[in-house]
Amino acid sequence: MPLQDSYTLPAAADMHVHLRNAPGPIASLVTPTIRRAGIDTVFVMPNLAPRPVVSVAEALAYQRALQALDPEVTYLMSLYLHESITVEEIRRAREAGIKGVKAYPRGATTNSQWGVVSFEPFHDVLRAMEEEGIVLNLHGEVPSSAADGVTVMNAEVRFLPVLKELAAKYPRLKIVLEHCTTADAVEAVRSLGDNVAGTITAHHLSLLVDDWAANVHHYCKPSAKSPEDRRALLNAVVTSNGKFFLGTDSAPHNITAKKGKGNTAAGVFTQPYALGYVLTALDEALARGDLPPGSVTDGALRGFLSEYGRAFYGVAPAARQIRLTRGGARIAESLKGEDKGEGEGRVEVEVEVVPFRAGEETWAVEWL
Ligand code: NCD
Ligand code: ZN
C-alpha cells in the first residue's frame, strides 16, 4: 500500500542545516525557503568560512542576522568545536540558549580544516557540555587515508568506535551522530542510551553510492552507501521511537563551486523541498518492499519529522500544522539570487544553487 495522497502534520523541525554566512547571498537565498518547506525550527551548523562560529558572541550575531532574513523561524545555534573554546564559554553558551557544539574530524568534509584531530584535548569542555546539557554533534567520519585503508565507503563505520568511547566516557553527554548513512551506524545509535540519537537526511533515504557518484548535485559527505544501508535508514525512520529524527544536512553551494575547475564541493541542497523528498523516498521504499506495508504511520511521520528532534533538544512542540499533498509542486531547476552589497567598494555577487532532484514533481506544502 503506498502512502496517502495527503497528510496533515505538525510543522517540521530540521535539526541539521547549512545556511552559510549571514548577511550573505546564499543565506539570503536559502533562509526564506525553510518555512516554504513546512519547517519552523532549524539547528544551524557553524562551519562558516573563512571563520567558523567559535564563540557565543559570534553565534548570537549569526542568529540575529538569520532572524533578519526570516523572523518566524526558530534558529537553534551551535558552536564549532575548536581549541579556542573554554569551559567558561560553554557555561555562557548554555545561558545564551546555544544548543550544541559540532565536532568536525579534520579533513573529513567541507570547512573541516579547523576541526578535531583527537578528542583528548577537549576533555574539560566535553565535561562542561555534559553538565550544562549542551549537545555534542558529531560529523561521524574519519578522514580518508590510503595508508589506513579509509575511503568514503568505510569512513563512517571506522568512526563508530569513537562514538562508543565518547558515550562510555561521558555517560550523560547528549550526543547526535549526524547524517547516519550505514546499517552499522543505525545499530550503534540504537545500542547506546537515550542521550544518544542520530539524524537522517532526506537524500540518503533515496540515493545509493552509484547515484551519488554520477551527479555533482548528489555529491556530499558522508557518501551514500549500499541498498542494505539505505534499507536500514528507511527502517530507522519508521521505527525511530525517538532515536532518529530529521536533519537534512541541506548544504547549498554556488554552482561555480559544484561545477568549477577544481574538485566539486560536497553538499546536497534540499532545504525548500525537504519533506517531499522524505515522503517520496518512503513511498518508493514501500513499492520496493524495503519497508513493510503499513509501517509508515502518521505517528512515525510526526515523530521523525517534528516531535523527536524537538524533544531531544528540549524545545516546545510545534504550534502550527502543515498539509502535504502528493504531486502538488515541482522542484525548481535552480534558485538564483544576488547581493548588491552595501556602501563603498560594494561588490555584486550572483549566486545559483541547484536543488536535489531539480525539475521533478514533488509534494506541495501548505501552512494551516
Ligand atoms: C557540508 C557543507 O557543505 O557544509 N557538506 C556535506 O557534504 N554534507 C558539510 C557537512 O555537513 O559535512
Ligand atoms: Zn552538514
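The legends below describe close-up views of a predicted model.

**View 1. The shell of residues around ligand 1 in the predicted model.** Ligand 1 is surrounded by 15 residues, and the closest of these are Arg20, Asn47, Thr109, Lys221 and Asp249. Sorted by class, this shell is made up of 3 nonpolar, 9 polar and 3 charged residues. The site that holds ligand 1 is the largest cavity.

**View 2. Polar contacts and cover of ligand 1.** The side chain of Arg20, which is among the closest residues to the ligand, places a polar atom 2.8 Å from an oxygen atom of ligand 1. His18 also contributes through its side chain, where an N or O atom lies 3.1 Å from an oxygen atom of ligand 1. Ala266, by contrast, takes part through its backbone, with an N or O atom 3.0 Å from an oxygen atom of the ligand. On its own, ligand 1 has 310 Å² of accessible area, and the protein covers 100% of it.

**View 3. The aromatic pair of Tyr7 and Trp363.** The structure holds 10 aromatic pairs, and one of them is formed by Tyr7 and Trp363. Their ring centres are 6.2 Å apart and their planes meet at 40°, which lies between the limits of 30 degrees for stacked and 60 for edge-to-face rings, so the pair counts as tilted. Tyr7 belongs to strand β1 (residues 6-10) and Trp363 to strand β14 (residues 361-367), so that the pair links distant parts of the chain, 356 residues apart.

**View 4. The cis peptide bonds that precede Pro50 and Pro222.** The bond from Ala49 to Pro50 is cis, with omega near 10°, and Pro50 is placed in the loop between β3 (39-44) and α3 (56-69). Lys221 and Pro222 are likewise joined by a cis peptide bond, for which omega is about -10°; Pro222 is found in the loop between α8 (209-214) and α9 (227-238). Lys221 is also listed among the closest residues to ligand 1.

**View 5. The backbone at Asn111.** Although Asn111 is not a glycine, this residue has a positive phi of about 60°. Asn111 is located in the loop that runs between β6 (100-103) and α5 (123-132).

Technical notes: Residues are numbered from 1 along each chain as its sequence is written. Chains are lettered from A and ligands numbered from 1 in the order in which they are written. This is a predicted model: local features need pLDDT of at least 70, side-chain atom pairs count only at pLDDT 80 or more; totals for chains, interfaces and linings use all residues. Side-chain values use heavy atoms; hydrogens and water are left out. A residue is near a molecule or strand if one of its heavy atoms lies within 4 Å of it. A polar contact is a pair of N or O atoms within 3.5 Å; within protein, one must be able to donate a hydrogen and the other to accept it, and residues adjacent in sequence count only if both atoms are side-chain atoms. Accessible areas come from the Shrake-Rupley method with a 1.4 Å probe; for residues, only the protein chains shown count as cover. On a 1 Å grid over the protein atoms alone, a cavity is a set of points where a 1.4 Å probe fits but cannot get out, and a pocket is an open set with protein on both sides within 12 Å along at least five of seven lines; lining residues have an atom within 4 Å of a point. A molecule sits in a cavity or pocket if more than half of its atoms lie within 2 Å of its grid points. Ala, Val, Leu, Ile, Met, Phe, Trp, Tyr, Cys and Pro count as nonpolar, Asp, Glu, Lys and Arg as charged, and the others, Gly among them, as polar. Rings of Phe, Tyr and Trp (its six-membered ring) pair if their centres lie within 6.5 Å; planes under 30 degrees apart count as stacked, over 60 as edge-to-face and the rest as tilted. Helices (H or I, at least four residues) and strands (E, at least two) are DSSP runs, numbered from the N terminus.
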